[in-house]
Amino acid sequence: MPGPQPVETKTVTSTQASQATLLLRASGGEVQDRLFSTAMTLCGLAVLGVLGLIVFELMLRSSLSWHAFGFKFFSGSDWDPVNEQFGALPFVYGTLVSSLLALIIAVPLSVGVAVFTTEMCPKALRGPLSFFVELLAAIPSVIYGLWAMFVLVPLLSQYVQPFLSKTLGWTGLFTGPSYGFGMLAAGIILAIMIVPIISSIAREVLMVVPQHQREGVLALGATRWEMIRVGVLRNARAGIMGAIILGLGRALGETMAVTMVIGNQPQIKASLFESGYSMASVLANEFSEATGDVHRSALIEIGLALFLVTIVVNAMARLLVWTVTRGQPARGHA
Amino acid sequence: MPELAATVARAPAVPKISLRRRITDHVMTGLAIATVVLVLAPLIAVFGYLVYRGVGSINWAFLTQTPKPVGEVGGGMANAIVGSAFILGIASLIGVPFGVGAGIYLAEFGRNRLGSAIRFTADVLNGVPSIVIGIVGYAIVVLYQGHFSALAGGVALAIMMVPTISRTTEEMLLLVPQALREAAYGLGIPRWRTTLSVTLRTATSGVITGIMLAFARVAGETAPLIFTAFGNTGWSRYLRFALFGKDFAVPFVRYDQPTAALPLQIYTYALSPYDDWHRQAWAGALVLIVLIVAAVSAVRYVVRRGTFGAA
């Protein structure tokens, strides 16, 4: 551990002189202290500034589209850059459906993994297991997209989709040609990408459930599953909800992997086999080649909507998770 | 001995637990294990396939040449590799000081409402979609410069690094015992000096770990670069110098020109209809992962050695 550095190397002979230098030093240090704390405060304020800057720029640059279309922008489904008609409904629909599909797949899996790691898993396995799940989070989005294009999509079109349309085609959700690309592929790759975030936060939440809750339920003669259901999951409801909402926030804004497999057709179709388009994807595809100011402004308005939704979703999730984990003594109970 | 204890503990309980409850318990345990398998399967599949396709696709040309014209076989991503490193360098130059500074503020001066507001904002910023950050980079840099540039990409990535770095720095500084700070104050050392030479220095390895986490996260980002760095099929600059009476020109990139980046190049090649470009996309993906891991381990190694030397 590094010791404190001597401030000066000059030797002082008399006590009075040393006291005097100390005083001088203190007054000199005061100015520097104030400078230092100001500089650090400015860095902190920069975080607020960045948020302000994002809001300001997005609002400023989307005003053209806002004035032209108003609220109709989000109810219209006509996206026609050539005739400058912009309605964002298909993108909103694509984002919502793909994210919800991802949640439906990812939530049971992540909660299962979290429960297994905290309640069932042998201690020796716990560390490596969390490590592997968190590795999933470290893979860049574009690599997931690459994998989805060359492995997942062919798999879907050859095996999964024919099977689904044969068995569940009557629901109307699984009809149409099996191209592989489309909502289903987007939902699945999103699910794979949000499992790590949901399960790692759910794990943290489960860990702060007090140990005596578990012991109490077990003492009543419950099996392990009953203990988990009554003693653990019921106590952790709010926190798990927070984890799920954080996952939703991540899914809503995810860009590259979705763009690569969703099919990029601005249409609203009930079948999950059909192509769709998401808000983030249309930004990725059209922004750098926007045909005019209105087009660019309309795209930025989509960005603004995406930003506002994720801000609200994230703030909600953080508050939920904070209320659960705050004030707990230490992470982990065993 | 544990077996005996288990039998003793279970013996009176067995008749009480009904068959249905026991089966439910086993089924639920089985389901939990099944979820773990289902979650780990794609991880293994992604990594396995990445290594399988990547290793077979990397060659010397890939690492040393620039892209060939559309449809031609061969070429490589040398400019994208250098471009990525360059953009990440700019991002770190901007993002690390601000992030660490904000972290110091939160840990040392932030026990108030402003601190809570900044903490909350940082957490929320962490969840802003990267493509939206790209729009901001476009609006504040590209529009003023008049064209896409490495600088714009670096600024966008820096914005993404700050929240992560500031929160981990704060956490690490708060782990430093208060007694160390007090000892320093007792020696008459001013607060700024204490914070920098005692608190921050003690927490160095943790702070660096946070920085590397942020770095690894933005290193693979594609979305914020699409309309900031934009990509480039060649070099934007040559460094010219004379050595032993000969002139050399080393290809490099310019901060104010459209610049290729590895994730962008992977994206473009993946969407192309050419098999050779698909091959290169896989090679690029493997190089990207290896570079991220190498950068993170190198910095951690150096830091660990540095702190041991100081101790």
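I started with chain B and counted 12 helices and two strands. A reminder to myself: this is a predicted model.

Next I read chain B along the sequence to see how those elements follow one another. The pattern I noted is α-α-α-α-α-α-α-α-α-α-β-β-α-α.

Then I turned to overall dimensions. For the radius of gyration of chain B I got 26 Å, where a compact globule of 311 residues would come out near 19 Å. Along the principal axes, the C-alpha atoms of chain B fill a box of roughly 90 × 65 × 40 Å.

How much of chain B is buried? I found that buried residues account for 51% of its 311 residues. I also looked up the exposed surface of chain B, which is about 14,500 Å², with carbon and sulfur atoms supplying 68% of that area.

Contacts came next. Taking the chain B contacts between residues at least 6 apart in sequence, I saw that 74% join residues at least 24 apart.

I checked the charges of chain B as well. There are 24 positive and 13 negative ones, and their mean positions lie 6 Å apart.

Last, I moved over to chain A for a single residue. Ser62(A) sits in helix 1, which spans residues 15–69 of chain A. Is Ser62(A) buried or exposed? I have Ser62(A) down as buried, because its relative accessible area is 2%, and the cut-off for buried is under 20%. Leaving aside residues up to four places away in sequence, I listed what Ser62(A) touches: Ser297(A), Ile300(A), Glu301(A) and Leu304(A).

How values were computed. Residues are numbered from 1 along each chain as its sequence is written. Chains are lettered from A and ligands numbered from 1 in the order in which they are written. This is a predicted model: local features need pLDDT of at least 70, side-chain atom pairs count only at pLDDT 80 or more; totals for chains, interfaces and linings use all residues. Side-chain values use heavy atoms; hydrogens and water are left out. Helices (H or I, at least four residues) and strands (E, at least two) are DSSP runs, numbered from the N terminus. Buried means under 20% relative accessible area, exposed over 50%, partly exposed in between (1.4 Å probe, protein chains only). Contact means heavy atoms within 4.5 Å. The radius of gyration is taken over C-alpha atoms; the globule rule is 2.2 Å times the number of residues to the power 0.38. Accessible areas come from the Shrake-Rupley method with a 1.4 Å probe; for residues, only the protein chains shown count as cover. Lys and Arg count as positive and Asp and Glu as negative; His and the chain ends are not counted. The place of a charge is taken as NZ of Lys, CZ of Arg, CG of Asp or CD of Glu.
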